[in-house]
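Visitor: Could you take me through the salt bridges here, looking closely at one part? I would like to know who pairs with whom, and how exposed the partners are.

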Amino acid sequence: MKVTLLAHTPMPEKTVAAAAKLCYSPAEIGTVLDGLTEEKTAGFVEMLAEIGHESPIEHASFTFGIEGVSRALLAQITRHRMASFSVQSQRYVSEKQFDYVLPPEIENDAEAREVFERSMARAQEDYDRLSAILSEKHKLRLMNEGADERTAARKAEKQAIEDARFVLPNACETKMIVTMNARSLLNFFRHRCCNRAQWEIRAVADEMLRLVLEVAPHIFANAGPACVSGSCTEGKMSCGKAAEMRAKYAAMKGQDK
């Protein structure tokens, strides 16, 4: 798994502070950025967190490149609907030698790993076989319709992998570009940094948080699972490790020094 911060709003915290300043003072658009020193910027951002005024932080957005993750993770992360996603397509990109994500619990058990790897190999064989069968079928049809052999072969492969992909497993690796504004990211971290979140998306969320802390530390000063800034919201399903989680995220933010 690899997460890269590809781009973000220039001066994200100053942009948020300017929006907050406009809300609470007789500032003019042309001068709203004036006087926003580092100290005053931090003050505005901290004030927003204290009073729970979250809309100004929507003006800062962050774009991530995420790779080496499973299609299972894709199904989870796209539930966060206040975001933009661009995902490598299995419809247009062939999976002739697909990589896959190996869950740690399976990796650490020899018998389970053997079953898993055998299943991955079988999925690859079935995908390749289906692609070959369907490609030949489509190629013949296209040539009968008047296409030359080269053109028919190219189009046939695209049509074949569209259906062959149905045998690919959730473990199949994918990559994506994801953009969220800061408010959506705080919500994302609240749910996905939680100790009860699935291990893969929790690892992605932690890395995303680590990256945004480098460019917007005040916006994300209280980011993390619910127990970091308040009480656990998991009720009877709580992991019971609130103190450990607070220590973990305090260390990530350098707040334990």
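Guide: Happy to; what follows is a walk through some of the salt bridges. This is a predicted model, where local features need pLDDT of at least 70, side-chain atom pairs count only at pLDDT 80 or more, and totals for chains, interfaces and linings use all residues. Residues are numbered from 1 along each chain as its sequence is written, and side-chain values use heavy atoms, with hydrogens and water left out.

With a salt bridge taken as a side-chain nitrogen of Lys or Arg within 4 Å of a carboxyl oxygen of Asp or Glu, the count is 13. Let us look at helix 8, residues 199–215 (helices are DSSP runs of H or I, at least four residues, and strands are runs of E, at least two, numbered from the N terminus). Here Arg 210 bonds with Glu 207 in a salt bridge, 2.5 Å from N to O; the two are 3 residues apart, so about one helical turn separates them. Arg 210 also forms a salt bridge with Glu 214, with the closest N and O atoms 3.0 Å apart, and this pair is 4 residues apart in helix 8, again about one turn.

As for exposure (buried is under 20% relative accessible area, exposed over 50%, partly exposed in between, with a 1.4 Å probe and protein chains only), Glu 207 is partly exposed at 21% and Arg 210 is partly exposed at 35%. Glu 214, at 56%, counts as exposed.
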